[in-house]
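Grab a coffee and open the viewer. Below are a few exercises, each with a solution worked through in steps.

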Amino acid sequence: MSVSPDLDLVRMTGALGAEVRGVDLTDLDDGQFARVHAAFLEHHVLVFRDQKLDPDALVAFGQRFGPLYVHPIVPHIETHEEVIPISNLGKRRTITEVWHSDVTFAPCPPLASALYALSVPDAGGDTLFANQHLAFEALSPGMQRLLRGLRAVHSGDGLGAAMKQGEAWRAHGQLHPVVRTHPETGRPALFVNRAFTRAFEDMTPAESRPLLDFLIEWATAPHLQCRHRWRKGDLVMWDNRSIMHYAVHDHGDAKRNLHRITVEGDEPR
Ligand code: SIN
């Protein structure tokens, strides 16, 4: 049963995601915010259409969930250090067309990320999301037991190199549990991703690769996904503790400009 019955919600797929209708994010009272927060925990990805959010309003909305995170590698817009511009750099230079959770190479990866669409292609440039609770829960008891005992190293070296800060990030490897417990719901989720997870603790990348490949393929199967087709004015927010996402680059040189914010998170356990 829904825990946010007073919101007008349209679910995106059976696995995750909901569009929230009739809400102006610049004018949320505490009661509405509590319902949005409950829907966020229940559906993991929320879509709000037709929003008018300048950087101040975007930051103010994000801060309802907690303090905002300043990205350690990716540059921000001139006026707001919490806001990252996402634009079309061309398929060869894109760094987000890969299944990932944001900033998992940090000791405390973000709780949530949100994107606000300023301009979008006529077709393409969709974002995919995959539910990591369902991914874990569908594994066999034996595999669940094995994974619960593992930790993995996450590194920002690839992102650092893409941003021409490779050396600064080479040394930053961060250990996280392979299965994390959601701090607000208590639900377990797989917590490895293609962009940043390098190896299991005390194992080489070559030894780790077969199991990592299996897990990421398993965790991104179509029945675990939803897909967001962007319209200008959309605000999409996802739970970075339980979701992986993937930006599809099928829009050539078409303009695609979004603003991203991330909310500070806690240490995965
Ligand atoms: C991101 O991975 O933060 C951006 C996703 C997107 O551009 O759709």
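Two strands count as paired here if DSSP finds at least two bridges between them. Keep in mind throughout that this is a predicted model.

**Exercise 1. Work out how strand 5 and strand 13 are joined, and find the partner of Ser113.**

Step 1. Find the two stretches: strand 5 covers residues 112-119, and strand 13 covers residues 235-239.

Step 2. Count the bridges. There are 5 between these strands, against a cut-off of at least two, and the pairing is antiparallel.

Step 3. Look across from Ser113. Its bridge partner in strand 13 is Trp238.

**Exercise 2. Place the strands of the 7-stranded sheet in order and say which ones stand at the edges.**

Step 1. Read across the sheet: the order is 1-2-3-13-5-15-4. The sheet is open and its pairing is mixed.

Step 2. Pick out the edges. Strand 1 and strand 4 (84-86) each have a single partner strand, so each has one side without a neighbour in the sheet.

Step 3. Add the twist, which averages 25 degrees from one strand to the next.

Step 4. Check that "mixed" fits, starting at the strand 1 end. Strand 1 (residues 8-11) runs antiparallel to strand 2 (residues 18-21), with 4 bridges joining them. Strand 2 pairs with strand 3 (residues 45-48) in the parallel sense, over 3 bridges.

Step 5. Put residues on those pairings. Asp8 sits opposite Arg21 of strand 2, and Leu9 has Val20 as its bridge partner. On the strand 3 side, Ala18 faces Leu46.

Step 6. Finish with the hairpin of strand 1 and strand 2. It has 6 residues between the strands, and Gly17 takes a positive phi near 90 degrees.

**Exercise 3. Do the same for the 3-stranded sheet.**

Step 1. The order is 12-6-14, the sheet is open, and the pairing is antiparallel.

Step 2. Strand 12 (225-228) and strand 14 are the edge strands; each has a single partner strand, so one side of each lacks a neighbour in the sheet. From one strand to the next, the twist averages 20 degrees.

Step 3. Zoom in on strand 6 (residues 127-131), which is joined to strand 12 by 4 bridges. Here Phe129 stands opposite Cys226.

**Exercise 4. Describe the largest cavity: its volume, its lining and the strands that supply it.**

Step 1. Start with the search. The whole structure has 3 cavities of 30 Å³ or more, and the largest cavity holds about 110 Å³ of space.

Step 2. List the wall. The lining residues are Ile86, Thr96, His100, Leu115, Thr127, Trp238, His245, Tyr246, Ala247, Arg256, Leu258 and Arg260.

Step 3. Sort them by class: 6 are nonpolar, 4 are polar and 2 are charged.

Step 4. Trace them to strands. Strand 14 (243-247) and strand 15 (257-263) each supply at least two lining residues, and strand 14 gives the most, with 3.

**Exercise 5. Which residues surround the ligand, and how far are its oxygen atoms from the side chains of Thr127, His245 and Arg260?**

Step 1. The surrounding residues are Ile86, Thr96, His100, Asp102, Leu115, Thr127, His245, Ala247, Arg256 and Arg260.

Step 2. Go through the distances. In the side chain of Thr127, an N or O atom is 2.6 Å from an oxygen atom of the ligand. For the side chain of Arg260 the corresponding distance is 2.7 Å, and for that of His245 it is 2.9 Å.

Step 3. Link back to Exercise 4: Thr127, His245 and Arg260 are among the residues lining the largest cavity.

Terms used. Residues numbered from 1 in each chain as written. Predicted model: local features only at pLDDT ≥ 70, side-chain atom pairs only at ≥ 80, totals over all residues. Heavy atoms only, no water. 1 Å grid on protein atoms, 1.4 Å probe; cavity = no way out; pocket = protein on both sides within 12 Å on 5 of 7 lines; lining within 4 Å. Points joined across faces, edges and corners; volume = space filled by probe spheres on them. Nonpolar A, V, L, I, M, F, W, Y, C, P; charged D, E, K, R; others polar. Axes fitted to C-alpha atoms, helices over the stretch in contact; angles between N-to-C directions. Near = heavy atom within 4 Å. Polar contact = N/O pair within 3.5 Å; in protein donor to acceptor, adjacent residues only side chain to side chain.
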